[in-house]
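Student: Please take a close look at the side-chain packing in this model, chiefly the buried parts and the aromatic pairs. I would like one connected account of it.

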Amino acid sequence: MSNESAAQAAVEAADLVVRSLHQRLMASGHERPEGDRCPICFDLIELPVGAHSKMNCCCMKRVCNGCALTAQRRGMNGLCEFCRTPIPDNKGSTHAMVQKRVSKGDATATFNLGEKYFHGEDGLAKNVPRAIELWTEAAELGSLDAHCQIGVVYYNGIDVEEDKPRGTHHWQQAAMKGDVESRHNLGIAEYKNGNYQLAVQHFMISAKMGDENSLNDIKQMFKLGYAAKAQYAKALLGYRDAVEEMKSPQRGS
């Protein structure tokens, strides 16, 4: 085989890999992961998850605000709403609980410890390499939050050398498993690259999972002529259905 033929074959093989990844990316991750469900009422937590739930260091289960309020009204103050463990009242005890779960291979605890090192919180000195190491470990253990956060810091070059392909790779891994924020970030990246139809496809998927930011982005793209009216209408209907699914009496909506 000549050098020219070999080069052509390499290009075709690379193109096949890209097309395969794109197909898997668009065909999967249309449902939010089970980790986005409250372990008490089993309903999906409203987006953004962090604003509509709480997590205690004892079990690292994310409980929706509705169930947390219900537990409070039942007099469970000072106890974890899920596992009934007393919630520590100082950073030392909290850190010890987290470390214990990290040592047992808990993906969520490992991700959260990485967050503390990245921001220099709870008495820990800021240590970005250690944070990346913990996030990488958490991602390998299945944490979509870790994939998403690694993507954010590398794509944007936050306290690390910018590496957009590496950041995008982590967002893709999380998006294919239903991570809404990573899917939205991929849409933003494609939009900035001028790939408007790919951006719309990503935004439509995340909007249908209840992400208001994605819906607003499609609306803006429609105004600019980058998205069709039918696409915006479909995204709006999907968004409304997702929001309705997340409502429950104890959440006051």
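Tutor: Cys 148 is a suitable place to begin: with a relative accessibility of 3%, Cys 148 counts as buried. The model is a predicted one, and what follows should be read with that in mind.

The cysteines can be settled briefly. A disulfide is a covalent bond between the sulfur atoms of two cysteines. The count of disulfides here is zero. Cys 80 takes part in none, and the nearest cysteine sulfur to it belongs to Cys 58, 3.6 Å away. A disulfide would need the two sulfur atoms within 2.5 Å, so the pair does not qualify. Cys 80 is itself buried, at 1% relative accessibility.

Next comes the nonpolar packing. The largest nonpolar core has 22 residues, and those that touch the most other members are Val 98, Leu 113, Ile 132, Trp 135 and Val 153. Two or more residues come from each of the helices α3 (91-103), α4 (107-119), α5 (128-140) and α6 (144-156). The biggest contribution to this core is that of α5, which supplies seven residues. Val 153 shows what such packing involves: once neighbours within four places in sequence are set aside, Val 153 is in contact with Phe 118, Ile 132, Trp 135, Ile 158 and Val 160. Separate from this is a second core of 12 residues, among them Val 200, Ile 218, Met 221 and Tyr 239.

Val 200 also has a polar residue against it. Gln 231 touches Gln 197, Val 200 and Met 204, leaving out residues up to four places away in sequence. Gln 231 belongs to helix α11 (residues 229-245). With 19% relative accessibility, Gln 231 is classed as buried, because the limit is under 20%.

The aromatic side chains give another view. Phe 118 and Trp 135, both contacts of Val 153, form one aromatic cluster together with Phe 111. Across the model there are seven aromatic pairs. One of them joins Tyr 155 and Trp 171, whose ring centres are 4.9 Å apart and whose planes meet at 35 degrees, so the pair counts as tilted. Since Tyr 155 is in helix α6 and Trp 171 in helix α7 (residues 164-175), the pair ties together parts 16 residues apart in sequence. Both partners are shielded: Tyr 155 is buried, at 8% relative accessible area, and Trp 171 is buried too, at 3%.

Another pair is made by Tyr 191 and Tyr 226, with ring centres 6.2 Å apart and planes at 70 degrees, so this one is edge-to-face. Tyr 191 sits in helix α8 (residues 180-192), whereas Tyr 226 is in the loop between α10 (212-224) and α11, so the pair links parts 35 residues apart in sequence. Here Tyr 191 is partly exposed, at 28% relative accessibility, as is Tyr 226, with 30%.

Charged groups also lie against some of these rings. Lys 164 is placed over the face of Tyr 155, 3.8 Å from the ring centre. Tyr 155 thus has Lys 164 over its face as well as Trp 171 as its ring partner. A similar arrangement involves Arg 166, whose charged end sits over the ring of Tyr 154 at 4.0 Å from its centre.

Notes: Residues are numbered from 1 along each chain as its sequence is written. This is a predicted model: local features need pLDDT of at least 70, side-chain atom pairs count only at pLDDT 80 or more; totals for chains, interfaces and linings use all residues. Side-chain values use heavy atoms; hydrogens and water are left out. A nonpolar core is a set of buried Ala, Val, Leu, Ile, Met, Phe, Trp, Tyr and Cys residues joined through side-chain atoms within 4.5 Å. Buried means under 20% relative accessible area, exposed over 50%, partly exposed in between (1.4 Å probe, protein chains only). Helices (H or I, at least four residues) and strands (E, at least two) are DSSP runs, numbered from the N terminus. Contact means heavy atoms within 4.5 Å. Rings of Phe, Tyr and Trp (its six-membered ring) pair if their centres lie within 6.5 Å; planes under 30 degrees apart count as stacked, over 60 as edge-to-face and the rest as tilted. A charge sits over a ring if NZ of Lys or CZ of Arg is within 6 Å of the ring centre and within 35 degrees of the ring normal.
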